[in-house]
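These are my notebook entries on a single protein chain. I set down what I looked up, one topic at a time.

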Amino acid sequence: MQIETDGLVIREQTVGENDRLITLLTRKAGLMRGFARQAKPIRNSKTSATSLLSYSQFSIYQGRERVIISDARPKE
């Protein structure tokens with residue numbers, strides 16, 4: 001299941017070298033925790049959208065065990 005929603009990043013944590021575990025406050029689903037893969041490298045578009053206190057448009061995929069953020073675009 002894929003959800004398109006706006007959200008505010010209220011917590012971020014580095015996992016491994018390139019991934020982030022972020023906590024989002026979203027309009028549709030409330031509070032969510034999910035993995036943003038390859039969000040740490042500077043040239044990636046998800047870097048600014050998944051940083052702390054950024055308001056962004058997220059494309060969230062619900063997997064079997066985890067929530068994965070497949071796309072993120074900053075709004076403000």
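**Entry 1. A charged pair.** I began with D71 and R73, in a model that is predicted. The two residues form a salt bridge, and their closest N and O atoms lie 2.3 Å apart. I then looked up how D71 is placed with respect to the surface. D71 has a relative accessible area of 27%, so I recorded it as partly exposed, the class between under 20% and over 50%. I noted next that salt bridges with shared partners join D71, R73 and E4 into one network.

**Entry 2. The other link in the network.** Which residue does R73 meet besides D71? The side chain of R73 also meets that of E4 in a salt bridge, at 3.9 Å from N to O. I checked where the two partners sit: R73 belongs to strand 5 (residues 67-74) and E4 to strand 1, and the pair links distant parts of the chain, 69 residues apart. R73 has a relative accessible area of 38% and is therefore partly exposed. For E4 I found a relative accessible area of 38%, so E4 is partly exposed.

**Entry 3. A further salt bridge.** I turned to R20 and E12, which form a salt bridge with their closest N and O atoms 3.2 Å apart. Is R20 buried or exposed? R20 is buried, because its relative accessible area is 6%, under the limit of 20%. Its partner E12 is partly exposed, because its relative accessible area is 30%. The count of salt bridges in the model comes to five.

**Entry 4. Residue D6.** I looked up D6 and found it in strand 1 (residues 2-15). The relative accessibility of D6 is 13%, which means that D6 counts as buried. With which side chains does the side chain of D6 make polar contacts? One polar contact is with the side chain of Y55, at 3.2 Å. Another is with the side chain of K75, at 3.2 Å. I also listed the contacts of D6, leaving aside its neighbours within four places in sequence: they are L25, T26, R27, Y55, S56, Q57 and K75.

**Entry 5. A nonpolar patch.** I searched the surface and recorded a nonpolar patch of about 280 Å². Which residues make this patch? The patch is made by I10, L25 and L31. L25 is also among the residues in contact with D6. I located L31 in strand 3 (residues 30-36). L31 counts as exposed, because its relative accessibility is 58% and the class begins over 50%.

**Entry 6. The whole chain.** I finished with the chain as a whole, which has one helix and five strands. Along the sequence these elements follow the pattern β-β-β-α-β-β. The radius of gyration is 11 Å, close to the 11 Å that the globule rule gives for 76 residues, so the chain is as compact as a globular protein of that length. I noted that the C-alpha trace spans about 30 × 30 × 15 Å along its principal axes. Buried residues make up 38% of the 76 residues. Of the contacts with a separation of 6 or more, 43% are between residues 24 or more positions apart. The accessible surface comes to about 4,900 Å², and 50% of this area belongs to carbon and sulfur atoms.

Key:
Residues numbered from 1 in each chain as written. Predicted model: local features only at pLDDT ≥ 70, side-chain atom pairs only at ≥ 80, totals over all residues. Heavy atoms only, no water. Patch = residues over 30% accessible without salt bridge, like charges linked within 9 Å, V, L, I, M, F, W, Y side chains within 5 Å. Areas by Shrake-Rupley, 256 points an atom, 1.4 Å probe, with all protein chains shown as cover. Salt bridge = Lys/Arg side-chain N within 4 Å of Asp/Glu carboxyl O. Helix = DSSP H or I, 4+ residues; strand = E, 2+ residues; numbered from the N terminus. Buried < 20%, exposed > 50% of the residue type's maximum accessible area, 1.4 Å probe, protein only. Polar contact = N/O pair within 3.5 Å; in protein donor to acceptor, adjacent residues only side chain to side chain. Contact = heavy atoms within 4.5 Å. Rg over C-alpha atoms; globule rule 2.2 N^0.38 Å.
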